Amino acid sequence: MRISFCCTDTKAQPWLDGLQAALPGAVVEVWSPSAPLADFAVVWAPPQQFLEEQTQLKGIFNIGAGVDALMKLRLPDGVPVVRLDDAGMSVQMAEYVCHAVIRHFREFDRYEADVANGKWSYRKPCLRQDFSVGVMGLGVLGERVSRALTQFEFPVMGWSRSAKAIQGVQCFAGEAGFHDFLAATRILVCLLPLTADTEGILRHDTLARLQPGAYVINVARGNHLIDQDLIALIDSGHLAGATLDVFRTEPLPAAHPFWTHPKITVTPHTSARTLREESIAQIAGKIRALHTGAPIASLAGVVDPKKGY
Ligand code: NAP
Ligand code: GLV
């Protein structure tokens, strides 16, 4: 069995060593043009040339949860694309989002500013029931995040394509439930995949439907958000601010207004990192299963090309 590794912006050697150790009989190698044909690919944002040349693949494994970069390419018909299914990301995402929600709700950003100015000041506690959190996307990450938020007793709501039942979470689904979901949300968390349906979903007319003083946390993809609409709604006072981990261009360009906006916190796409050991174990397990004849439908994380995620 031959495995081709083609991941931009990723140090290859530790992945090759890990995959080799997990799949001792396999040849594991970094792809380069005209490389031998492989049985399986492990990729992140590969060039189109990789897919044109690798015509014998039985599975393409994405070393991330989001497959939007892959979905932009012409993919070979009938070859399953498998994304990371949690692999240690959901707990990180829960940490990040709970931190951002609590930092905003408890006004820790303002306390930090006061302390930096040598000011000992109390603020009137905010009411938890006024800070309902709405999570867009109730998949592997969104469900974990919404469950984690219920532990802090925030009113939690979720929105997904298909209807869900999650204990302690008020679930809305589809277009029919979207406006009611937005109208009830004070802190909005985006954990949607980036698809034709969700691109630009965080725009003026949707954000304007949030409760006055709403806060936006985008941890999904930069292209979900229309940057200037967010800034306009913060500057008009309708939104209180935002925490953003993902951007249309990454790294965030030095001149982008998000860097310096006093009500926007940015982090460098770090809310849920790909953890190498967990990811290798998961991918190697699935390659072994496919290699020994397991049906593709038995694997978690298989992408539906029609849905785009
Ligand atoms: P997932 O399991 O595929 O979940 C996606 C969720 O979004 C599902 O609940 C799905 O609804 C819902 N959804 C999709 N299209 C929708 C639409 N048009 N309207 C309403 N709901 C829709 O994905 P995941 O593993 O949770 O990951 C989510 C995203 O997080 C990834 O695609 C990636 O972009 C992002 N991410 C970011 C980081 C980071 O570090 N910032 C790390 C990992 C992932 P159904 O359940 O009904 O299908
Ligand atoms: C990271 O953004 C991922 O999609 O895993």
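This section describes the surroundings of two ligands and the main nonpolar core in a predicted model.

Ligand 1 is surrounded by 29 residues, of which Arg83, Leu141, Ser162, Lys164 and Tyr309 come nearest. By class, this shell comprises 15 nonpolar, eight polar and six charged residues. Three polar contacts illustrate how the protein meets the ligand. An oxygen atom of ligand 1 is found 2.6 Å from a polar atom in the side chain of Lys164, a residue that is also listed among those nearest to the ligand. Nitrogen atoms of the ligand take part as well: one lies 2.9 Å from a backbone N or O atom of Val219, and a 3.0 Å distance separates a nitrogen atom of ligand 1 from an N or O atom in the side chain of Ser271. On its own, ligand 1 has 940 Å² of accessible area, 92% of which is covered by the protein. Helix α4, together with α6 (140-150) and β7 (156-160), makes up the set of elements that give two or more residues to the shell around ligand 1. At the level of domains, at least three residues of this shell are drawn from domain 1 (2-87 + 274-298), and at least three from domain 2 (89-266).

The shell around ligand 2 consists of Gly64, Ala65, Gly66, Met89, Arg221 and His269. In terms of class, two of these residues are nonpolar, three are polar and one is charged. Oxygen atoms of the ligand are involved in polar contacts with both backbone and side-chain atoms. A polar backbone atom of Ala65 lies 2.7 Å from an oxygen atom of ligand 2, and for a polar backbone atom of Gly66 the corresponding distance is 2.8 Å. From the side chain of Arg221, a polar atom is placed 2.7 Å from an oxygen atom of the ligand. Ligand 2 exposes 200 Å² when taken alone, and 86% of that area is buried by the protein.

The largest nonpolar core contains 50 residues, and within this core Val97 and Leu149 have the most contacts. Helix α4 (residues 89-105) supplies nine residues, the largest share of the core. Residues of the core are given by both domain 1 (2-87 + 274-298) and domain 2 (89-266), and the core therefore lies between the two domains. Helix α4 thus appears in two settings: the helix contributes nine residues to the core, and two or more to the shell around ligand 1.

Conventions. Residues are numbered from 1 along each chain as its sequence is written. Chains are lettered from A and ligands numbered from 1 in the order in which they are written. This is a predicted model: local features need pLDDT of at least 70, side-chain atom pairs count only at pLDDT 80 or more; totals for chains, interfaces and linings use all residues. Side-chain values use heavy atoms; hydrogens and water are left out. A residue is near a molecule or strand if one of its heavy atoms lies within 4 Å of it. A polar contact is a pair of N or O atoms within 3.5 Å; within protein, one must be able to donate a hydrogen and the other to accept it, and residues adjacent in sequence count only if both atoms are side-chain atoms. Accessible areas come from the Shrake-Rupley method with a 1.4 Å probe; for residues, only the protein chains shown count as cover. Ala, Val, Leu, Ile, Met, Phe, Trp, Tyr, Cys and Pro count as nonpolar, Asp, Glu, Lys and Arg as charged, and the others, Gly among them, as polar. A nonpolar core is a set of buried Ala, Val, Leu, Ile, Met, Phe, Trp, Tyr and Cys residues joined through side-chain atoms within 4.5 Å. Buried means under 20% relative accessible area, exposed over 50%, partly exposed in between (1.4 Å probe, protein chains only). Helices (H or I, at least four residues) and strands (E, at least two) are DSSP runs, numbered from the N terminus. Domain bounds come from an automatic or database domain assignment.
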